[in-house]
Amino acid sequence: MRWLLLIWLILWGTGVEVRAQAMSRPKNLILMIADGCGPASITMARDYARAVLGRKELALDAIQVGAVRTGSVSSRVTDSAASATAYACGVKTYNGAIAVDTAGRPLATLLEAAKARGMATGLVVTSRITHATPAAFVAHVPRRAMESEIAVQMLDQRVDVLLGGGWAYFLPAAEGGRRADHRNLLREAEKAGYQVVRTAADFRNGVRRPVLGLFGPDHLPYEIDRNPQAVPSLAEMTRTAIALLKEDPEGFFLMVEGSRIDHAGHANDAAAHVLEVLAYDEAVAVALDFARRDGQTLVVSVADHEAGGLSLGRNVDGRGIYDWRPEVLARVQASHERLIPALRQSDRPDSLLRAWLGLDSLRAEEQALVRQATVKPDRWPVVLTELIGRRAVVGWTTNGHTAVDVNLYAFGPGAERLVGSFENDELGRLLAELMGFDLSSLTTTLRQQQPVGESR
Ligand SMILES: [Mg+2]
Ligand SMILES: [Zn+2]
């Protein structure tokens with residue numbers, strides 16, 4: 001009798017666990033990737049939000065759950081392609097690989113698994129949409145530079161919502177694009193049923209599924225340079241994407257990338273960087289707002305790696321300063337990307353600098369820096385970084401990426417499983433498991449369909 005009771009208790013317990021798991025399986029997954037956003041970038045954005053915008057904290061702060069280690073197979077310092085592949089496919093690979101393993105064989109992605117289940121899918125970015133991070137969810141190529149091929153594979157996937165920049169890789173050279181094969185993929189997309197939009201006005205007039213919205217030939221402008229009339233924000237694109245995707249009864253998978261946080265890190269451009277992180281955080285707020293009301297959506301935010309080796313607090317003239325000053329960044333009017341061409345052409349760079357960087361006057365050591373660049377214009381990037389860095393007490397150690405762990409954030413059903421410190425590939429596999437996706441068997445199917453290295 002007692003044994004029977006024990007067996008019953010075990011069976012009942014298992015049942016509870018199965019029911020609990022079924023209950024916690026999310027219907028929708030919104031995966032947000034802050035490209036090149038290390039922990040210091042988050043602190044920087046929060047301090048800026050407090051000091052300049054009068055806010056208490058970031059939307060992200062409420063949902064922090066852990067950390068991710070980002071190394072790839074080929075290096076302790078990953079690139080975006082290898083790290084995005086780890087998240088999309090649950091497998092570590094070499095730097096430059098787009099959803100292929102170290103032998104160049106295709107790996108099934110979260111987006112492909114969502115499609116296989118009949119879910120709606122979307123990619124929203126601020127870079128060229130053929131850039132490494134979004135590419136790793138929809139294309140399988142051995143090198144991230146193969147953006148013409150990535151564009152073809154992206155459209156073949158019939159993703160429901162594609163929003164970002166980079167129409168150049170969809171147009172032939174004769175029509176102002178970068179394609180060598182004379183194909184006009186925008187026209188082909190339209191023939192395949194896509195609504196193709198290229199202006200913010202058309203986008204705001206109303207879009208339907210499937211939609212291909214590309215708002216510039218290359219990366220979209222940095223937030224600090226963006227004209228809101230001409231280019232939608234990441235938050236706006238995210239809101240529209242969710243509105244289009246949430247109608248699907250099978251649920252949806254959406255990847256949203258704050259792509260250019262990374263670019264501003266590479267450029268050591270502190271003012272551009274902090275506004276990119278804040279624009280990303282606004283997109284996170286949009287996703288969270290939906291998820292809180294919906295109750296069946298898992299929102300995960302992660303970075304693919306750190307960029308720039310950012311430091312808040314640094315040596316100035318050989319002395320470590322115990323402070324950093326967000327107000328200095330708030331006065332800057334433009335990114336280095338926009339400023340440097342103007343400085344190169346100007347014969348009065350110091351007055352330009354005072355206006356654009358919001359500097360009252362140039363101190364002696366700053367004037368010396370400006371003279372360096374006036375003589376040798378290649379020095380402008382370093383000089384701008386130093387002018388702002390000294391005043392803001394912000395330091396950078398590289399124009400590339402670093403190996404530091406990045407923050408992990410999650411909200412919604414399954415979020416409790418993401419508490420802790422994970423390898424990037426482990427996180428990819430965990431997301432697949434939480435969604436009930438079988439990436440291994442999909443990979444097998446994929447390899448039967450698509451022979452190694454053969455482009456379609
Ligand atoms: Mg990226
Ligand atoms: Zn990068």
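## Zinc site

Asp 262 and His 266 sit 4 residues apart in helix α10 (residues 261-266), so about one helical turn separates them. The model is predicted. Both residues are protein donors of the zinc ion (ligand 2). Asp 262 gives two OD entries to the donor list, His 266 gives NE2, and His 401 also gives NE2. The donors lie 2.0 to 2.4 Å from the ion. Along the chain, the donor residues follow the spacing D-x3-H-x134-H.

What is the arrangement of the 4 donor atoms around the zinc ion (ligand 2)? It is irregular, because the angles they subtend run from 57 to 150°. A tetrahedral label would need all angles between 85 and 135 degrees. The two helix α10 donors also have different labels for accessibility: Asp 262 is buried, with a relative accessible area of 5%, whereas His 266 is partly exposed at 27%.

## Magnesium site

The magnesium ion (ligand 1) has Asp 35 (OD), Thr 133 (OG1) and Glu 257 (OE) as its protein donors. They lie 2.0 to 2.2 Å from the ion. Their spacing in sequence is D-x97-T-x123-E. Thr 133 in helix α5 (residues 132-138) and Glu 257 in strand β7 (residues 252-258) link distant parts of the chain, 124 residues apart.

Are Thr 133 and Glu 257 buried or exposed? Thr 133 is buried, at 0% relative accessibility. Glu 257 is buried as well, at 1%. Leaving out residues up to four places away in sequence, Thr 133 touches Ile 33, Asp 35, Ser 80, Ala 84, Met 255, Glu 257 and Asp 304. Asp 35 and Glu 257, its fellow magnesium donors, are thus among the contacts of Thr 133. Ile 224 is another matter: 91 residues from Thr 133 in sequence, it lies 22 Å away in space, C-alpha to C-alpha.

## Strand β15 and its partners

Strand β15 (residues 406-411) is mostly covered, with 5 of its 6 residues buried. Strand β2 (residues 64-69) runs antiparallel to β15, and 4 bridges join the two. One pairing sets Gly 66 against Leu 408 in β15. Strand β8 (residues 297-303) is also antiparallel to β15 and is joined to it by 4 bridges. Here Val 299 has Phe 411 of β15 as its bridge partner.

Thr 70 lies in the loop between β2 and α3 (80-89). Thr 70 is buried, with a relative accessible area of 1%. Its contacts, beyond four places in sequence, are Thr 78, Tyr 87, Lys 92, Asp 304, His 305, Ala 403, Val 404, Val 406 and Asn 424. Asp 304 is thus touched by Thr 70 and by Thr 133.

## Nonpolar core

The largest nonpolar core holds 144 residues. Ile 30, Leu 110, Phe 137, Phe 170, Leu 212, Leu 329 and Leu 418 touch the most other members. Helix α11 (residues 270-294) supplies the largest share, 14 residues. Domain 1 and domain 2 both give residues to this core, so it lies between them.

Which residues does Leu 212 touch? Beyond four places in sequence, they are Leu 155, Leu 162, Phe 170, Leu 186, Ala 189, Tyr 194, Gln 195, Val 196 and Val 197. In soluble globular proteins, nonpolar side chains tend to be buried together.

## Domains

The domain assignment splits the chain into domain 1 (27-308 + 399-449) and domain 2 (311-395). Their centres, taken over C-alpha atoms, are 32 Å apart. At the contact between them, 18 residues of domain 1 meet 16 residues of domain 2.

## Backbone details

The peptide bond from Arg 209 to Pro 210 is cis, with omega near -10°. Pro 210 falls in the loop between α8 (200-204) and β6 (211-214).

Two non-glycine residues have positive phi. For Ala 99, phi is about 50°. Ala 99 belongs to the loop between α3 and α4 (110-116), and is buried at 0% relative accessibility. For His 182, phi is near 65°. His 182 is in the loop between β4 (161-165) and α7 (185-191), and is exposed, with a relative accessible area of 69%.

Technical notes. Residues numbered from 1 in each chain as written. Chains lettered and ligands numbered in written order. Predicted model: local features only at pLDDT ≥ 70, side-chain atom pairs only at ≥ 80, totals over all residues. Heavy atoms only, no water. Donors = N, O, S within 2.8 Å, 3.2 Å for Na, K, Ca; no water. Tetrahedral: all angles 85-135°; square planar, octahedral: opposite > 155°, others 65-115°. Buried < 20%, exposed > 50% of the residue type's maximum accessible area, 1.4 Å probe, protein only. Core = buried A, V, L, I, M, F, W, Y, C linked by side-chain atoms within 4.5 Å. Domains from an automatic or database assignment. Contact = heavy atoms within 4.5 Å. Pairing = 2+ DSSP bridges.
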